[in-house]
Amino acid sequence: MSCLVAAKVQGQVSKSMAYSVTVQPSSALSSSSGNIVANHSKARLDKMSWDDLLFDVQKVIELKPWSRVACQLKHMALHGAQRYSEAIEAFRMMLAKLDSAHDTQIRKLREKYISPSKAEGDIQKSIDAQLYTAPLRLLNTTTGRLCDRGAQISAFKTSAEYNELLSSMMTHSDLPRIADTVATYFRYVMLSHRWEENEPLLHDIQDKIVYKLDAAGYMKLQSFCKIARQAGYHWAWVDSCCIDQSNNGELQKSINSMFAWYHHSALTVIYLSDVSPSSKSGALAKSAWNTRGWTVPEFLASKVIRFYQQDWTPYLNDVSPNHKQSVEIMHELEDATGIDARVIVAFQPGMRDAREKLQWASMRVTTAPEDTAYSLFGIFGIQLPIIYGENAQNALGRLLQEIIARSGDITALDWIGQPSEFNSCLPTDITPYAAPPCTFPILSEDEIQTAVSALRHTVTMGQASKLFDQLEQLSAPRFANCRLRLPCIVFPVTEVRRRPGAAHETLFTYRVKADGLDDLLITTEERLLQFSRLRPTRQTFLLVLPWDRRLLELPDFAGDAGSLGDWPQPESPLDDSVGDWMGDEELADSESYSRALRLIVRLGQPFGAFLLAQQRGGEYKRIASDHDIIAQVMDGTSVRSMMDIRTLEIL
């Protein structure tokens with residue numbers, strides 16, 4: 001046996017030797033010949049000559065068939081020779097001899113060992129935990145067969161890895177080693193690709209060996225499995241053929257689990273079928289792969305990715321194990337997707353920066369219209385029912401409804417385009433999110449402090465505190481049955497006048513006046529009733545500032561829903577010396593007053609307004625405009641104009 005193999009075996013046997021029982025002539029071998037052979041066997045064991053050891057052990061067994069020491073030595077030798085199934089059987093025989101021994105001391109030795117069934121149970125628990133986050137079906141890269149969960153477990157239990165593990169568990173269950181062995185065996189590789197014509201489906205490969213299928217449509221599948229096998233992985237997954245798309249329950253579970261499956265994969269292979277081997281940097285951005293909706297969560301979720309070209313060679317000949325560690329490829333992917341490279345490398349799902357995440361997917365396409373929304377479930381860390389046929393508006397509406405309801409983040413309401421039938425505050429599709437959100441100049445801290453100082457002369461503490469308290473007590477926006485309950489600061493519209501235009505025009509521009517706001521021009525496809533204070537109408541129109549709780553600058557608003565971003569953080573209005581002569585209660589009042597005044601300063605800045613029209617049932621409907629409606633309070637020092645605070649129900 002070579003030194004390399006001997007060194008490897010020595011490490012395995014040393015664990016076995018830790019629980020070995022010293023051969024005692026009085027109890028184990030009654031004859032002197034048995035003792036001589038047993039001692040000779042131990043000498044053989046030290047030299048790691050497994051075949052010679054087995055030869056010696058057989059002599060012991062011939063002399064003393066009931067010898068537990070012989071069975072123990074036989075187990076060691078068989079384990080060292082990697083004949084694990086036989087080693088397990090030898091171990092079982094040793095336990096049986098201990099159980100049936102007449103000598104009490106011999107029987108007591110049984111307590112030092114665990115039964116194989118106990119080890120099997122511990123291994124099964126580890127398998128169950130490992131497969132909980134794995135796909136339901138996987139391709140066996142060795143056999144080329146599609147395996148369900150049962151077949152995957154069966155393959156493991158007949159593998160050398162399983163038998164070696166079970167054979168080594170004699171005195172105790174080494175749980176960390178079990179977990180490591182199971183995790184290593186069940187590692188799997190995912191494929192991210194653009195679907196081509198005639199992609200093989202589950203029924204095309206079930207009960208077949210993919211390597212033996214010779215139609216052109218199987219070449220991608222075969223090449224992918226070979227890549228995974230060459231990389232040392234037993235299992236591979238492809239969305240086209242590893243999901244039973246005729247089974248609604250399985251389809252539902254698969255789509256809601258997809259992000260987690262990619263995240264827990266050992267590797268995601270990204271196949272660029274339209275990038276030739278001679279391509280230079282920049283080809284990735286031009287690939288059709290980069291236009292598909294599902295590819296975004298696939299490369300974000302995966303911890304390890306590798307790009308492959310048309311001929312299945314590494315993109316840009318980069319043979320590094322993880323292209324997320326390639327500065328060149330990550331910069332290219334950043335330019336191609338608009339997603340910061342640091343985010344790509346270490347993405348975490350959740351509600352933070354919801355508007356930006358919607359922008360990532362805004363120009364991508366999917367085969368099924370509903371998949372535009374379904375593909376984003378994992379990015380936001382949510383699970384919702386999958387209802388193909390519900391239409392894209394409804395699917396997107398359910399997603400946006402969940403984002404707003406969970407996070408309280410109203411940035412998803414910031415869009416320009418056609419309103420959805422799901423709710424008028426939501427867009428009909430995802431494309432409006434391609435445009436950057438409406439932004440406004442940010443006041444510096446010095447500007448805020450100057451404005452606060454001026455407000456102290458015009459706004460009393462009582463007025464400021466009342467406004468702050470009312471806004472602080474507002475609940476977050478909520479959806480129920482496609483109806484949005486939106487907390488707002490309300491400015492009643494007092495006049496709507498249409499500006500003259502061509503008779504055939506499809507867009508209409510209106511001059512709008514509202515209490516407390518500067519006059520506005522609003523352009524929309526809808527025909528609005530014209531009215532004024534002198535000629536009122538029964539229908540109520542409102543301009544509203546959707547309430548954003550972040551404006552309160554509360555320190556506990558730092559969760560997943562978002563943060564204040566570029567807004568300067570408040571400074572204490574008092575220096576340390578003030579506390580020396582001001583009481584605690586007065587100090588708290590002064591700080592609350594300053595905080596309330598800071599809020600008023602912010603409310604006095606330009607904001608994105610919604611135009612709402614009241615419906616017959618008392619609810620409201622948002623009137624979509626062809627541009628952002630930028631409103632501003634007429635008098636930033638007038639608290640009264642900001643005191644109409646309501647939660648409106650919007651259809």
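How much space lies in the largest cavity? About 70 Å³ lies there, and the tour of this predicted model can begin at that spot. A search of the whole structure finds three cavities of 30 Å³ or more. For the largest cavity, select Ile-255, Met-258, Phe-259, Trp-294 and Gly-378, which are the closest to its centre among the 13 residues that line it. Then colour the helices α13 (248–264), α15 (295–301) and α20 (377–380), the elements that each give two or more residues to this lining; the largest share, five residues, comes from α13.

Next, show the whole protein, where the secondary structure comes to 25 helices and 16 strands. Of its 651 residues, 49% are buried, and the surface that the protein exposes is about 30,800 Å², with carbon and sulfur atoms supplying 51% of that area. If a contact map is open alongside, consider the contacts between residues at least 6 apart in sequence, of which 67% join residues at least 24 apart.

From here, move to the largest nonpolar core, which holds 118 residues, and select Leu-139, Phe-307 and Phe-380, the members that touch the most other members. Centre the view on Leu-139 and leave aside residues up to four places away in sequence: the residues that Leu-139 touches then include Ile-205, Val-210, Leu-221, Trp-235 and Val-238, together with the cysteines Cys-225, Cys-241 and Cys-242. Apart from the largest core lies another core, of 48 residues, and selecting Tyr-593, Leu-603, Ala-609 and Ile-645 will show some of its members.

The following stop is helix α10, residues 175–185, whose buried residues are Arg-177, Ile-178, Thr-181, Val-182 and Tyr-185. Because these residues cover an arc of only 125 degrees around the axis, they lie on the same side of α10. Turn the helix over, and the face directed away from that buried side carries the exposed residues Leu-175, Pro-176 and Asp-180.

Finally, select Thr-133, in the loop between α7 (116–131) and β1 (138–140). Thr-133 counts as partly exposed, because its relative accessibility is 26%, a value that falls between the cut-offs of 20% for buried and 50% for exposed. Beyond residues up to four places away in sequence, Thr-133 touches Tyr-188, Ala-260, Trp-261 and His-264. A distance drawn from Thr-133 to Tyr-262, C-alpha to C-alpha, comes to 9.7 Å, although the two are 129 residues apart in sequence.

Note on methods
Residues numbered from 1 in each chain as written. Predicted model: local features only at pLDDT ≥ 70, side-chain atom pairs only at ≥ 80, totals over all residues. Heavy atoms only, no water. Core = buried A, V, L, I, M, F, W, Y, C linked by side-chain atoms within 4.5 Å. Buried < 20%, exposed > 50% of the residue type's maximum accessible area, 1.4 Å probe, protein only. Contact = heavy atoms within 4.5 Å. Helix = DSSP H or I, 4+ residues; strand = E, 2+ residues; numbered from the N terminus. Areas by Shrake-Rupley, 256 points an atom, 1.4 Å probe, with all protein chains shown as cover. Arc of directions from axis to C-beta. 1 Å grid on protein atoms, 1.4 Å probe; cavity = no way out; pocket = protein on both sides within 12 Å on 5 of 7 lines; lining within 4 Å. Points joined across faces, edges and corners; volume = space filled by probe spheres on them.
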